[in-house]
Amino acid sequence: MTKIPDPQAENPKGAAPRVHAGRRAAVRSALRGRGVPMLVVTDLVNVRYLSGFTGSNAALLIVAADPLGGAAGADDQAGSNDSATVLATDGRYTEQAAQQAPGLRVLIDRDCAHAVIADHFARHTAAGPGRAPVGFEASAMSVADHAALDHRLTSAPASVELVPTTGVVEGARLVKDDGEIALIARACAVGDAALRDLLAEGALAPGRSERQVARRLEWLMFEHGAEAIAFETIIACGANSAIPHHRPTDDVLRHGNLVKMDFGAVVGGYNSDMTRTVVLGAADAFQRDTYELVRRAQEAGVAAVRAGVTGAEVDRAARAVIDEAGAGELFTHGLGHGVGLRVHEAPPVSSGATGTLPAGAVVTVEPGVYHAGRGGVRIEDTLVVRDGGAEILTRTGKDLRVV
């Protein structure tokens, strides 16, 4: 089996804490731009991004400024930089937190969000009258959790006002650094290698069920170094291939079927996403024509990707090919999405997307045409947005394959 290089093994010792500190600095800058003095981070993906900690219960406090704008003493000066960052988790993760987030203060308390806020105001007394504003991640905290936190903070050393925020850390995550791109590229290589082996061993064959093929493909990803699968693998044969997000069943692959395969691997916490569609045994004219239409649309979408264009412009470039063929109503979803610590994240690549794609973002391009009752085709790549175009990370060929 081909060994896929591990980019983490080549990182110098101590590089990860420096990377996480740089990310926290970017978030502090974003908070100052929004006029939010501090943020309690409870989205576990964002906690991982900013600290390296991967436990299942955590909160991280990022401090950008004195919350009430009072005169700053020595401690308050420290409060406006990274020395005020504090991570909370529970007793299950004491050793893990020390290993994964070296250099950060760690509180051991099951009520993590309350712990980091109360600790800060016990150590850095807010100056001046009024309530101290503390941002929270509105998309990550439930109404019930917000109410419980707000109630508990009534006994904090300072009067706290919880301020909803959205997209602060996600904005920093939008552009991937070289280390992140290397991990996504390795996840893509794992998917490529697994599909290659699946085809080489003849596992994609008449008589096997969708579920059997899906489980075999997933196991091959693990054998090539995946730590997890990115999402439930889609294997859809025959008429099922016309269902965009079909879940594998006991339906059996048959000679002449279109087989759509959508799958991804996780390496170092980062995801890949790829779709390929093949035909078993022999392809008829309908299948070849549908495949060629989607291939041309995907090619047009990839060609449109470059820094500075909007996701809507990329979507429009691919969709125009399908519209011109009179099949626009059969392309029923957006063209793509961002990929990173989540397999679906910003930036969107769809007709409603407004922001421009920055260099260093990682996105998918995945047009599809779905004929209900007959079959469908989707072709998807994961790629990096560059100033001059797209760098494709999923390398499996896209010519029609008959197996």
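**Surroundings of Tyr-49, the open sheet and a pocket**

Apart from its neighbours within four places in sequence, Tyr-49 is in contact with His-20, Arg-23, Val-169, Ala-172, Arg-173, Glu-180, Tyr-270 and Leu-341. In this predicted model, Tyr-49 counts as buried, because its relative accessibility is 5% and buried means under 20%. The residue belongs to helix H2, which covers residues 44-51. Its C-alpha atom is separated by 9.6 Å from that of Gly-269, although the two residues are 220 residues apart along the chain.

Helix H2 also leads to the sheet: it lies across E1, E2, strand E3 (86-89) and E5, and runs at about 55° to E2. Helix H5 packs on the sheet as well, touching E1, E2, E3, E4, E5 and E6, with its direction at about 35° to that of E2. The sheet itself is open and mixed in its pairing, with six strands in the order E4-E3-E2-E1-E5-E6. Its edges are strand E4 (105-108) and strand E6 (160-165), each of which pairs on one side only. On average, neighbouring strands are turned by 25° against each other, direction ignored. Within this arrangement, strand E1 (residues 38-41) and strand E5 (residues 132-137) pair in the parallel sense over two bridges, and Leu-39 stands opposite Gly-135 in E5.

A pocket brings some of these elements together again. The second largest pocket holds about 340 Å³ of space and has 17 lining residues, with Thr-42, Asp-111, Ala-113, Met-141 and Asp-145 nearest its centre. Strand E2 (58-63), helix H5 (112-123) and helix H6 (143-152) each supply at least two residues of this lining; the largest share, four residues, comes from H6. By class, the lining comprises nine nonpolar, four polar and four charged residues.

Terms used: Residues numbered from 1 in each chain as written. Predicted model: local features only at pLDDT ≥ 70, side-chain atom pairs only at ≥ 80, totals over all residues. Heavy atoms only, no water. 1 Å grid on protein atoms, 1.4 Å probe; cavity = no way out; pocket = protein on both sides within 12 Å on 5 of 7 lines; lining within 4 Å. Points joined across faces, edges and corners; volume = space filled by probe spheres on them. Nonpolar A, V, L, I, M, F, W, Y, C, P; charged D, E, K, R; others polar. Buried < 20%, exposed > 50% of the residue type's maximum accessible area, 1.4 Å probe, protein only. Contact = heavy atoms within 4.5 Å. Pairing = 2+ DSSP bridges. Axes fitted to C-alpha atoms, helices over the stretch in contact; angles between N-to-C directions.
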